[in-house]
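Open the model in your viewer and keep the sequence panel beside it. The stops below are meant to be selected in order.

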There are 4 protein chains.
Amino acid sequence: MANIAFIGLGNMGGPMAINLIKAGHHVCVYDLSAQAVIDVVENGAGTASSAQEAVTNAEVIVSMLPAGKHVTSLYTGENGLVNHIKEGALVIDSSTIDVASVKAVGEALAQAGIEFIDAPVSGGVGGAKAGTLSFMVGGSKAAFEKAQPILASMGKNLFHAGDLGAGQVAKVCNNMLLSVLMVGTSEALQLGIANGLDPKVLSEIMSKSSGSNWTLDVYNPCPEVMEGVPSSNNYDGGFMVDLMAKDLGLAMDTAVSSQSSTPMGALARSLYAMHSGAGNGSKDFSSIFNLFNK
Amino acid sequence: MANIAFIGLGNMGGPMAINLIKAGHHVCVYDLSAQAVIDVVENGAGTASSAQEAVTNAEVIVSMLPAGKHVTSLYTGENGLVNHIKEGALVIDSSTIDVASVKAVGEALAQAGIEFIDAPVSGGVGGAKAGTLSFMVGGSKAAFEKAQPILASMGKNLFHAGDLGAGQVAKVCNNMLLSVLMVGTSEALQLGIANGLDPKVLSEIMSKSSGSNWTLDVYNPCPEVMEGVPSSNNYDGGFMVDLMAKDLGLAMDTAVSSQSSTPMGALARSLYAMHSGAGNGSKDFSSIFNLFNK
Amino acid sequence: MANIAFIGLGNMGGPMAINLIKAGHHVCVYDLSAQAVIDVVENGAGTASSAQEAVTNAEVIVSMLPAGKHVTSLYTGENGLVNHIKEGALVIDSSTIDVASVKAVGEALAQAGIEFIDAPVSGGVGGAKAGTLSFMVGGSKAAFEKAQPILASMGKNLFHAGDLGAGQVAKVCNNMLLSVLMVGTSEALQLGIANGLDPKVLSEIMSKSSGSNWTLDVYNPCPEVMEGVPSSNNYDGGFMVDLMAKDLGLAMDTAVSSQSSTPMGALARSLYAMHSGAGNGSKDFSSIFNLFNK
Amino acid sequence: MANIAFIGLGNMGGPMAINLIKAGHHVCVYDLSAQAVIDVVENGAGTASSAQEAVTNAEVIVSMLPAGKHVTSLYTGENGLVNHIKEGALVIDSSTIDVASVKAVGEALAQAGIEFIDAPVSGGVGGAKAGTLSFMVGGSKAAFEKAQPILASMGKNLFHAGDLGAGQVAKVCNNMLLSVLMVGTSEALQLGIANGLDPKVLSEIMSKSSGSNWTLDVYNPCPEVMEGVPSSNNYDGGFMVDLMAKDLGLAMDTAVSSQSSTPMGALARSLYAMHSGAGNGSKDFSSIFNLFNK
């Protein structure tokens with residue numbers, strides 16, 4: 001069992017830290033929000049008066065923050081953790097951020113003898129609580145193997161995507177594709193409905209045919225087709241439109257910087273920005289279905 | 001066992017007729033191409049000197065033709081089959097055509113006391129030969145049930161999509177969605193490759209995540225990721241770009257006539273038209289992957 | 001001065017007929033709506049109890065109808081005008097319809113010795129009233145020249161686009177391009193606004209730069225930038241969203257049948273269908289600007 | 001007449017510096033390329049052994065560099081010009097770069113008592129040589145007025161777009177719109193050609209109708225329609241595909257960071273990336289016309 005520091009106890013980070021505790025690790029946490037800290041401490045975490053203090057004795061540091069600038073600032077900004085983490089420690093950043101930030105932080109940590117992997121997750125708040133997240137990991141094979149027992153306490157599927165930054169690239173590719181599946185499935189279902197088909201029947205047909213995809217099969221965007229999914233719960237819960245829009249922004253950054261052509265991903269980004277702009281930012285991302293309503 | 005007339009013995013129709021014979025039906029065939037007829041006769045079919053003669057004693061008529069105008073002409077044109085088919089017979093049209101033609105032909109046949117269902121297929125030439133096609137059927141429940149034993153000789157999955165024309169709508173929706181899956185998957189894989197990922201690793205990650213879809217999982221468009229698919233065979237065989245373009249044309253007709261918004265389907269149609277225009281019309285539709293190459 | 005029959009007295013046809021009368025022609029009109037007929041008769045038209053009667057003595061027949069099926073039915077349907085129009089007469093159809101219908105009607109009329117041109121218009125109700133329409137004409141050079149004095153009574157710019165059907169193609173191309181200009185201009189202005197620019201200043205800069213286009217320069221979609229345009233009048237008046245959607249439907253038909261790739265035109269059609277589906281069908285087409293609002 | 005330092009003597013910067021000399025200013029230049037320096041020195045410029053030396057006595061500094069990182073590095077990097085420019089001097093950066101870099105540099109210069117405006121240009125190499133560039137300027141009104149006589153030596157149209165960064169935003173909006181005009185015009189012309197129209201005739205019709213726009217009217221992408229434009233010169237010269245792709249990358253950055261929906265601009269970026277990826281990066285941007293060829 002490891003000495004772990006956990007920085008960033010939001011909707012995702014909180015339950016992830018608790019799962020580490022449940023697995024028997026010794027976990028010291030830190031967050032700017034006192035309430036977020038209390039919730040995890042009640043589950044057995046230790047705490048510290050600063051991020052710097054929290055990492056002092058840690059063998060493993062896990063961070064879960066909103067964007068690249070927060071990660072950069074935490075590790076390499078003024079009084080950055082790079083000067084407080086023990087040599088030989090392993091840093092696991094599970095934030096979904098841009099690759100450039102990952103690489104810059106990784107280089108700075110490497111110079112201080114600290115290992116770094118990017119390990120963004122998929123699976124949402126539900127997966128974080130249940131400990132069934134997927135981790136897409138970028139970094140050396142050795143670091144990936146060292147991280148595995150830690151990650152296995154928080155998730156189910158552990159993927160080694162490639163070198164440092166590859167975890168972020170894999171996540172960006174997956175979520176860009178996910179958005180295309182969701183929009184394409186929504187269009188197809190609405191086209192069927194507009195031409196007299198029952199969306200339940202059409203969903204069943206396409207699910208058993210070449211139209212089969214994750215959004216159609218297990219996260220159907222049409223209300224009343226499937227139980228227990230956001231579309232049958234007024235599009236509450238799930239994966240927010242604004243989070244999908246953020247991930248699609250990262251996908252566009254990645255496409256622009258690599259001069260990649262991604263017409264469908266780019267269209268999805270604009271449709272999600274449009275949908276958010278119309279006031280749907282906090283609904284589940286399957287609510288894009290309504291954009292094609294008549 | 002039924003007396004069946006089969007009109008239209010192309011790449012799909014030929015093997016479908018042979019499977020009916022193998023199942024023990026008495027099949028009389030007709031095609032404008034003498035060679036196409038000979039191939040099926042060698043497998044046990046009877047033949048006739050005209051489509052009119054072929055249907056004279058048939059209880060069931062199956063047709064498999066290229067486009068709506070051919071179906072319309074065959075049944076309701078000059079010397080149309082509507083005047084030659086026995087009252088009470090069942091007509092199964094498996095062509096992929098526009099809904100308006102289906103409804104017009106269906107009405108004309110109904111007035112002559114002949115039942116009609118539209119039953120387009122998916123599964124390609126391979127599925128036609130193996131008898132594993134999927135049928136998406138539009139028509140009355142009674143007619144669908146009557147057709148089931150016939151269809152079961154040629155296919156595996158039989159779906160009752162709804163009233164007359166619903167089979168075509170279901171097929172159009174499925175294939176529009178399929179094209180979006182293929183383009184989206186191609187973009188995502190190329191984005192990963194351009195950013196240093198191994199397409200095999202990325203495919204595995206996304207297949208086990210929310211990016212999972214038919215084209216990624218069983219028909220991967222990136223060469224050398226999967227064996228036995230067109231992408232690993234120089235994009236030969238499979239489902240031709242020009243056939244996908246034709247189906248997307250039907251999808252756009254359906255969208256325009258129902259005033260439906262289908263931005264991704266429409267984009268896919270333009271990309272496939274572009275790809276065909278550049279000389280790739282007879283390659284497999286997964287070759288759209290190359291449009292995003294650098 | 002000619003003996004003219006005018007069939008179809010809607011928002012466009014009515015004022016066009018009145019301009020023919022003002023120019024001194026002898027005009028006999030017909031419409032299914034008695035009220036529409038009365039309005040034109042009050043301006044000096046003669047009338048008839050049927051379209052058949054109206055064309056009996058006409059040297060020139062002008063028609064202005066909603067869609068291809070109406071034009072086909074009028075001229076070549078049951079009791080079609082083809083059997084009532086004098087040999088040697090000239091038929092000018094100013095409806096915006098599909099090319100296939102134009103060619104079919106043209107052939108039937110040609111066999112009866114009647115000349116036919118397609119002459120769709122742009123310029124809207126305002127242009128129809130002011131006699132400043134643009135006519136895009138398809139047909140023989142001789143027929144175009146014969147039609148010129150008639151058209152000149154109703155419009156200002158007379159274009160000979162090419163052979164029969166070319167008028168419709170030109171109109172479809174122009175209006176597809178127009179929709180792209182409108183959407184592109186709306187996006188660009190909203191992007192500027194979201195980044196702190198004054199839309200008046202940005203419009204002036206782009207109008208004097210390479211972004212210059214008809215929608216930006218004379219029909220600005222952003223409220224309060226320009227006086228006397230629909231955007232400064234709550235998007236009332238002008239060219240309705242549903243009419244643009246209809247024209248884009250014709251553009252897609254034309255693109256599909258010629259296997260043309262038109263990704264931006266196709267995207268515009270879906271955005272206009274979406275905008276109409278959200279309840280904006282009777283607003284001016286510049287209201288698409290609001291789709292990009294935040 | 002002013003003492004001016006000019007940094008960055010590429011295809012654009014070289015002729016701009018020469019025009020300043022012709023107008024009578026005292027110009028000291030610097031570039032990493034010795035040859036680029038020689039060309040301008042031959043036209044009367046002084047030179048210096050470093051950028052730092054070049055700016056020592058300058059009242060006005062003009063820079064023309066490839067990207068934000070170069071501008072940031074020049075002014076605020078190691079040994080940055082911020083420590084070498086005289087207090088009270090005016091810096092005019094004419095590079096086309098991201099707004100964030102503009103603001104960061106502007107702030108650093110302001111703290112040192114140096115005025116800064118962003119003044120990206122349009123008009124290309126031809127406009128740079130002829131002194132007919134358009135300048136889109138962001139910064140205080142006072143700084144804009146102070147810069148006017150300098151800018152007027154290099155350009156014709158001087159626009160004050162707004163506060164610092166607004167010049168870049170205006171340029172990004174204009175060029176995004178320009179790309180949409182070019183793609184939309186190309187699609188419309190190809191659709192006409194595929195349906196039998198003469199592109200010259202169709203261009204004339206649309207130019208006099210509501211399809212009128214800069215690319216159609218003065219920079220027609222179809223070969224042989226217009227003389228003296230790149231499309232009639234094998235798409236040589238003009239504004240390179242890769243430069244348009246770069247500007248569209250900036251547009252996407254701007255759209256993502258402001259959560260703006262720009263479906264057409266995003267589609268244009270992907271089409272230009274695709275076109276470049278197929279080997280057309282150094283052709284004129286009107287060559288996108290060929291993407292829609294059949």
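What follows is a walk through a predicted model, from a domain in one chain to the contacts between chains.

**Stop 1: the annotated domain**

Select residues 3-162 of chain A. An unreviewed UniProt entry lists this stretch as "domain: 6-phosphogluconate dehydrogenase NADP-binding". Colour the selection by secondary structure: the chain here is 40% helix and 25% strand. The C-alpha atoms at the two ends of the stretch lie 26 Å apart.

**Stop 2: A:Met16**

Stay in chain A and pick A:Met16, which sits in helix α1 (residues 13-22). Is A:Met16 buried or exposed? Its relative accessibility is 0%, so A:Met16 counts as buried. Now show the side chains around it. Apart from residues up to four places away in sequence, A:Met16 touches A:Phe6, A:Met64, A:Ser94, A:Val121, A:Ala128, A:Leu133, A:Phe135 and A:Met154. To get a sense of scale, draw a distance from A:Met16 to A:Asp198: the two are 182 residues apart in sequence, and their C-alpha atoms are 41 Å apart in space.

**Stop 3: A:Lys171**

Next select A:Lys171, where the unreviewed UniProt entry places the feature "active site". This lysine belongs to helix α8 of chain A, which covers residues 166-194. With a relative accessibility of 9%, A:Lys171 counts as buried, because the cut-off for that label is under 20%. Which residues does A:Lys171 contact, leaving aside neighbours within four places in sequence? They are A:Thr96, A:Pro120, A:Val121, A:Met136 and A:Asp247. A:Val121 was also on the contact list of A:Met16.

**Stop 4: two cysteines**

Search for disulfides, and the count over all chains is zero. A:Cys173 is one cysteine outside any such bond, and the nearest cysteine sulfur to it is that of B:Cys222, 12 Å away. Seen from the other end, the sulfur of B:Cys222 has A:Cys173 as its closest cysteine partner, and 12 Å is too far for a bond. The cut-off for a disulfide is 2.5 Å between the sulfur atoms. Both residues are buried: A:Cys173 has 0% relative accessibility, and B:Cys222 has a relative accessible area of 6%.

**Stop 5: chain B against chain A**

Show chains A and B together. A rotation of 180° with 0.0 Å of shift along its axis lays chain B on chain A, with an RMSD of 0.0 Å. The two copies are therefore related as by a two-fold rotation axis. To locate that axis from chain B, select B:Asn213, whose C-alpha is the nearest to it at 1.9 Å. The same surface serves both copies, as 100% of the contact residues of chain B recur in chain A.

Now select the interface itself. How many residues of each chain are in contact? There are 56 in chain B and 56 in chain A. About 4,500 Å² is buried between the two chains, and carbon and sulfur atoms give 72% of that area. On the chain B side, highlight B:Leu191, B:Ser210 and B:Met264, which lose the most area to chain A and together make up 16% of what that side buries. A look for salt bridges across this interface finds zero.

**Stop 6: chain D against chain A**

Finally, hide chain B and show chain D. A turn of 180° with a shift of 0.0 Å along the axis lays chain D on chain A, at an RMSD of 0.0 Å. Pick D:Ala266 here: of the residues of chain D, this one comes closest to the rotation axis, with its C-alpha at 2.8 Å. The interface residues of chain D are 100% shared with those of chain A, so these copies meet through the same surface.

Conventions: Residues are numbered from 1 along each chain as its sequence is written. Chains are lettered from A and ligands numbered from 1 in the order in which they are written. This is a predicted model: local features need pLDDT of at least 70, side-chain atom pairs count only at pLDDT 80 or more; totals for chains, interfaces and linings use all residues. Side-chain values use heavy atoms; hydrogens and water are left out. UniProt positions are given in the numbering used here, feature names are shortened, and annotations may be inferred rather than shown by experiment. Helices (H or I, at least four residues) and strands (E, at least two) are DSSP runs, numbered from the N terminus. Copies are superposed by least squares on the C-alpha atoms of residues with pLDDT of at least 70 in both. Contact means heavy atoms within 4.5 Å. Buried means under 20% relative accessible area, exposed over 50%, partly exposed in between (1.4 Å probe, protein chains only). Buried area is the accessible area (1.4 Å probe) that two parts lose on being put together, summed over both. A salt bridge is a side-chain nitrogen of Lys or Arg within 4 Å of a carboxyl oxygen of Asp or Glu.
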